[in-house]
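Biologist: Before we discuss any label attached to this model, I would like to see it, and then to hear the reasoning behind each term.

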Amino acid sequence: MTTDYRGEQVVIIGLGLTGLSCVDFFRRRGVTPRVMDTRFTPPGLEKLPADVPRHLGSLHEQWLLDATLIVTSPGVPLSHSALAAAAAAGVAVIGDIELFAREASAPVVAITGSNGKSTVTRMVGEMAATGWQVGVGGNIGLPALTLLESPCQLYVLELSSFQLETTHSLKAAAATVLNISEDHINRYPLGLQQYRAAKLKIYHDAAVCVVNAEDALSLPVRGHDARCISFGAERGDYCLRWHAGQTWLMAHGEPLLEAAELRVGGRHNYTNALAALALADALGIPRTASLAALRQFRGLAHRFELVHERRGVRWINDSKATNAGSTEAALNELEVAGTLHLLLGGDGKSADFTPLSPWLQGDRVQLYCFGQDGAQLASLRPDAATLTETLEQAMRIIGSRVRAEDLVLLSPACASLDQFSNFEVRGDVFTRLAREVG
């Protein structure tokens, strides 16, 4: 379906790659939007066509009230007073994924979850790419609207809760909520259930729902219905089983792939692979192609990535662990003969860190806490915590303490934006320092 936007008074909030893709989308349809950004020098400003009106440094409230359609960045909460006033005045407020959903003619795989969504998105994308023209993007890689510019037989989208809040027309061929743990609570004042409700929007009008059999929060509100296919480490239609003396990935009781054949280790990655297989099977991707892609999949940077090993010390970059649930998953995978030196810190987004406490006990765990919520994290284990202002300070202390058989893990349980532009930069700093001090 192609929507006619001529005659609409369009305002786009937020620049960057996604904002620019929205500008291009409307200009190709004969509409010149207005653009605003709360930053004075947002990324992509130099690429904004000169004839596009722009307002920088704040939200232009009159522009919003004069609009008939607002396309907002996921980074701006719908509760912002200026947005709420426009919505109350009857102005439609949507996001780029809603624009995409109105236009896409090929099937869409929609993937969300507190943890693992980027990995599963890449896995499914590589499974499909063996035989189809596939566009992979959304909250990872290319903006969704950019994917519309090339012919595709399938779209694989990673979607955040923020993107789903402003999406109403998505009808996914297959959709999944991989898991739900406390995250972005600063954005959801009503707590976990409000965050969950945003995630569960991905199931609306989906043909197939791939659900986590071991996480009741991932189920649709009405529970396990006829559309649901389940996965899980211990139980589910797709699960892990002991077979012929080894752990295997199974589907409906059929052994598909020995876990040891995967290049990414850990129970969480095996579970990610099960979810990807369930989605691929639902789409009709040939099983042989799916398994071949899994055998070749090397994982993503900043996700439990061994970045340095020297003098018997391993340094693992898990900077993408931006919530406590992801850090728990990392700690669950560890086997450490010596001492674990765990780096925690950043912007905790008002989360409760106490679920981490059981993982932080014992004589062989040392914490190094930094950044905005470093003190709160250090309070989980005061007798074993070193509190610093920055990641670099913590790394230099660790460098003077590590011994053979120790493991250094950056799995911060926090967002990076208090001190870094994104989690990738934080991971790159960790990697550079590991090679320097290790």
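Biologist: How many helices and strands are there in the protein chain?

Modeller: In this predicted model, the protein chain has 14 helices and 20 strands.

Biologist: What makes the protein chain as compact as a globular protein of that length?

Modeller: The globule rule gives 22 Å for 438 residues, and the radius of gyration of the protein chain is 23 Å, which is close to that value, so the chain is as compact as a globular protein of that length. Along the principal axes, the C-alpha atoms fill a box of roughly 65 × 50 × 35 Å. Of the contacts in the protein chain with a separation of 6 or more, 62% are accounted for by residues 24 or more positions apart, and buried residues make up 55% of the 438 residues.

Biologist: What do carbon and sulfur atoms supply of the area that the protein chain exposes?

Modeller: They supply 50% of about 18100 Å². As for the charges, the mean positions of the 39 positive and the 46 negative ones are 3 Å apart.

Biologist: How many aromatic pairs does the count come to, and why is the pair of Phe-162 and Tyr-188 called tilted?

Modeller: The count comes to 7 aromatic pairs. For Phe-162 and Tyr-188 the ring centres are 6.2 Å apart, which is within the 6.5 Å needed for a pair, and the planes stand at 35 degrees, which is neither under 30 nor over 60, so the pair is tilted.

Biologist: What parts does the pair of Phe-162 and Tyr-188 tie together?

Modeller: Phe-162 belongs to helix H7 (residues 161-165), whereas Tyr-188 sits in the loop between strand S9 (174-177) and helix H8 (192-200), so the pair ties together parts that are 26 residues apart in sequence.

Biologist: How do you know that Phe-162 is buried, and what makes Tyr-188 count as buried?

Modeller: Buried means under 20% relative accessible area, and Phe-162 has 16%, so Phe-162 is buried. Tyr-188, at 3% relative accessibility, falls under the same cut-off and therefore counts as buried.

Biologist: Why is the pair of Trp-315 and Phe-430 called tilted?

Modeller: Their ring centres are 6.5 Å apart and their planes are at 55 degrees, which lies between 30 and 60, so this pair is tilted. Trp-315 lies in strand S16 (residues 313-317) and Phe-430 in helix H14 (residues 423-437), so the pair ties together parts that are 115 residues apart in sequence. Both Trp-315 and Phe-430 are buried.

Biologist: Which residues form one aromatic cluster?

Modeller: That cluster is formed by Tyr-5, Phe-25 and Phe-26.

How values were computed: Residues numbered from 1 in each chain as written. Predicted model: local features only at pLDDT ≥ 70, side-chain atom pairs only at ≥ 80, totals over all residues. Heavy atoms only, no water. Helix = DSSP H or I, 4+ residues; strand = E, 2+ residues; numbered from the N terminus. Rg over C-alpha atoms; globule rule 2.2 N^0.38 Å. Buried < 20%, exposed > 50% of the residue type's maximum accessible area, 1.4 Å probe, protein only. Contact = heavy atoms within 4.5 Å. Areas by Shrake-Rupley, 256 points an atom, 1.4 Å probe, with all protein chains shown as cover. Lys, Arg positive; Asp, Glu negative; His and termini not counted. Charge placed at Lys NZ, Arg CZ, Asp CG, Glu CD. Phe/Tyr/Trp six-rings, centres within 6.5 Å; stacked < 30°, edge-to-face > 60°.
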